[in-house]
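Student: Hey, have you got a few minutes to look at something with me? I'd like to go through it bit by bit.

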Number of protein chains: 2
Amino acid sequence: MTTAAKHAPARPKRRNNRQGAVLDAAAARFRQHGYAATSMRDIAADAGMLPGSLYYHYPAKNALLVAVHEEGVRRIAAAVDHALAGIPELEPWRRLEAALAAHMETLLGGGDYSLVVLRDLPADDSALRARLVRLRDGYEARFKTLCRALPLTDPDAEPWLRMMILGAANWARVWYRPGGKAPAEVARQFISQLKGAPP
Amino acid sequence: MTTAAKHAPARPKRRNNRQGAVLDAAAARFRQHGYAATSMRDIAADAGMLPGSLYYHYPAKNALLVAVHEEGVRRIAAAVDHALAGIPELEPWRRLEAALAAHMETLLGGGDYSLVVLRDLPADDSALRARLVRLRDGYEARFKTLCRALPLTDPDAEPWLRMMILGAANWARVWYRPGGKAPAEVARQFISQLKGAPP
DNA sequence: ATATTAACCAAACGGTCGTTTGTTTAGCAA
DNA sequence: TTGCTAAACAAACGACCGTTTGGTTAATAT
């Protein structure tokens with residue numbers, strides 16, 4: 001069930017709140033069919049209400065996309081932060097591997113929200129587009145920090161290494177099938193390819 | 001040929017043929033806005049004709065998508081094959097690098113067709129989807145061959161290494177900007193990260 | 001008990017969608 | 001010139017789109 005547990009106003013809501021169901025439905029549809037191919041009627045049907053009722057919770061379709069993106073970034077960021085906080089490990093490669101494992105587990109683990117972040121952004125609304133890109137960049141800054149800490153023989157290699165890691169990880173959604181290796185194992189293999197091969 | 005061919009199928013077209021313009025317009029729109037967000041009216045306007053006229057050349061919208069995919073795969077495959085044929089080099093890493101450079105140059109070099117192949121496939125038509133996946137898989141088989149030829153210390157690493165390379169390369173379309181390093185240079189850096197660093 | 005209002009329904013708005021149908025124009029062969 | 005046909009136009013079809021509007025229901029605060 002569901003969605004962002006806001007902690008700021010901390011209002012437990014007076015009554016039945018199906019806003020979460022709406023966002024869940026939107027996330028599922030956006031992930032599976034993409035934003036443009038998803039209609040408000042699809043989302044409404046999945047959420048068990050009529051199309052017009054969606055506008056009580058969200059003012060427009062693209063507001064739903066923003067909300068899903070925000071929640072998706074929030075979730076994957078939380079997973080990575082939690083993984084990094086959970087290890088006493090200080091060895092840079094191990095930290096990067098732990099972060100990548102959390103990243104890929106979140107993406108490939110079946111959740112809809114974070115996968116929407118990887119989909120193509122709407123090209124017609126540049127303001128919206130910029131907003132979503134900023135969201136994702138804020139998250140990916142973590143990997144910049146992690147990669148900078150690596151003991152590389154060539155420091156100039158860091159950006160390329162980082163692009164490779166994130167690119168390979170994000171592209172995994174194209175070929176990964178739930179039956180295969182665990183996402184964490186994939187992450188381990190990816191990191192292993194880049195470390196050279198010290199015993 | 002002595003006898004008259006009644007109606008030769010391979011006719012070089014008798015007259016002004018704007019079918020190419022239609023396909024170009026479709027490729028450009030599909031790349032920039034995606035399949036679902038592109039209307040037949042958009043394509044028609046770009047091609048300089050009315051919406052209904054498109055149906056003289058292609059029977060349906062998804063036929064246009066298939067045609068663009070086929071041409072996109074054909075082009076990138078031709079680029080890679082040409083690059084491989086053009087080098088007398090037999091060293092496996094160098095061959096892989098040359099192939100990847102051609103791959104990325106085609107993708108990032110501004111052509112619309114091949115980039116469409118990397119976009120998300122329509123989820124509602126599974127037959128169409130399978131057809132497009134088969135097309136792409138046929139192309140990517142080249143990299144399987146190239147990676148198998150690598151002198152790896154651990155032969156089991158080959159699939160992961162291949163997934164990393166193609167994933168990183170394909171994801172480059174998300175962050176690559178025409179002003180930056182040449183695609184071939186990016187390819188070189190990617191390969192360099194994976195070779196370890198034997199002098 | 002009453003007033004309030006969160007949450008939804010019911011029905012439509014104008015616009016756009018992919019596609020079809022019938023008609024017209026222009027280059028070639030006879 | 002006449003006939004053929006490739007290649008387009010012109011106009012519409014029903015379906016669906018995102019969104020709006022006004023009314024209904026039921027839980028809560030007073």
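Tutor: Happy to! Keep in mind that this is a predicted model. Let's begin with the surface near DNA strand D, whose residues divide into 6 nonpolar, 7 polar and 7 charged.

Student: Cool. Which residues come nearest to DNA strand D?

Tutor: There are 20 residues around the strand, and the ones that come nearest are A:Arg41, A:Tyr55, B:Ser53, B:Tyr56 and B:His57. Looking at the DNA side, sugar and phosphate make up 62% of the atoms of DNA strand D that come within 4 Å of the protein.

Student: What does A:Tyr55 reach on the strand?

Tutor: A phosphate oxygen: a polar side-chain atom of A:Tyr55 lies 2.8 Å from one. A:Thr38 also has a phosphate oxygen of DNA strand D at 3.3 Å, but there the protein atom is a backbone N or O.

Student: And A:Arg41, what's that one next to?

Tutor: A base nitrogen of DNA strand D, which lies 2.7 Å from a polar side-chain atom of A:Arg41. As for the elements that give two or more residues to this surface, they are helix 2 (40-47) of chain A and helix 3 (54-57) of chain B.

Student: OK, new topic. How many residues of chain A and chain B are in contact?

Tutor: On chain A, 29 residues are in contact with 29 residues of chain B. The area buried between the two chains is about 2,900 Å², and carbon and sulfur atoms give 71% of that.

Student: Which three residues of chain A supply the most of the area it buries?

Tutor: A:Trp160, A:Met164 and A:Trp171 do. They supply 29% of the area that chain A buries against chain B, more than any other three residues.

Student: How many salt bridges are there between chain A and chain B?

Tutor: The count is 4 salt bridges. One pairs A:Asp120 with B:Arg119, with their closest N and O atoms 3.2 Å apart. There are also 4 residue pairs in polar contact between chain A and chain B, counting pairs with both residues at pLDDT 80 or more.

Student: Which helices are on that side of chain A?

Tutor: Helix 1 (19-33), helix 8 (158-175) and helix 9 (183-194) of chain A each give two or more residues to the side that touches chain B. Helix 8 of chain A gives the most, with 12 residues. Sorted by type, the residues on that side of chain A divide into 17 nonpolar, 7 polar and 5 charged.

Student: Back to salt bridges for a sec. What lets side chains pair like that?

Tutor: Side chains of opposite charge can pair when their charged atoms come close. Over all chains, the count here comes to 20 salt bridges. In one of them, A:Arg29 meets A:Asp46 at 2.8 Å, N to O.

Student: Where do A:Arg29 and A:Asp46 lie?

Tutor: A:Arg29 lies in helix 1 of chain A and A:Asp46 in helix 2 of chain A, so their pairing ties together parts that are 17 residues apart in sequence.

Student: Is A:Arg29 buried or partly exposed?

Tutor: Partly exposed, because its relative accessibility is 21% and buried means under 20%. A:Asp46 is partly exposed too, at 43%.

Student: What does B:Asp46 pair with over in chain B?

Tutor: B:Asp46 forms a salt bridge with B:Arg29, and their closest N and O atoms are 2.8 Å apart. This pair links helix 2 (residues 40-47) of chain B, where B:Asp46 lies, to helix 1 (residues 19-33) of chain B, where B:Arg29 lies.

Student: Nice. What about A:Arg131, which residue does it bridge to?

Tutor: To A:Glu70, with 3.4 Å between the closest N and O atoms. A:Arg131 is in helix 7 (residues 126-148) of chain A and A:Glu70 in helix 4 (residues 61-86) of chain A, so the pair ties together parts 61 residues apart in sequence. There's a network of salt bridges as well, linking A:Glu71, A:Arg74 and A:Arg75.

Student: Last one! Is B:Asn170 buried or exposed?

Tutor: B:Asn170 is buried, with a relative accessible area of 1%. It lies in helix 8 (residues 158-175) of chain B. Leaving out residues up to four places away in sequence, B:Asn170 touches B:His103, B:Leu107, B:Leu118 and B:Glu140, along with A:Trp171 from chain A.

Notes
Residues are numbered from 1 along each chain as its sequence is written. Chains are lettered from A and ligands numbered from 1 in the order in which they are written. This is a predicted model: local features need pLDDT of at least 70, side-chain atom pairs count only at pLDDT 80 or more; totals for chains, interfaces and linings use all residues. Side-chain values use heavy atoms; hydrogens and water are left out. A residue is near a molecule or strand if one of its heavy atoms lies within 4 Å of it. A polar contact is a pair of N or O atoms within 3.5 Å; within protein, one must be able to donate a hydrogen and the other to accept it, and residues adjacent in sequence count only if both atoms are side-chain atoms. Helices (H or I, at least four residues) and strands (E, at least two) are DSSP runs, numbered from the N terminus. Ala, Val, Leu, Ile, Met, Phe, Trp, Tyr, Cys and Pro count as nonpolar, Asp, Glu, Lys and Arg as charged, and the others, Gly among them, as polar. Contact means heavy atoms within 4.5 Å. Buried area is the accessible area (1.4 Å probe) that two parts lose on being put together, summed over both. A salt bridge is a side-chain nitrogen of Lys or Arg within 4 Å of a carboxyl oxygen of Asp or Glu. Buried means under 20% relative accessible area, exposed over 50%, partly exposed in between (1.4 Å probe, protein chains only).
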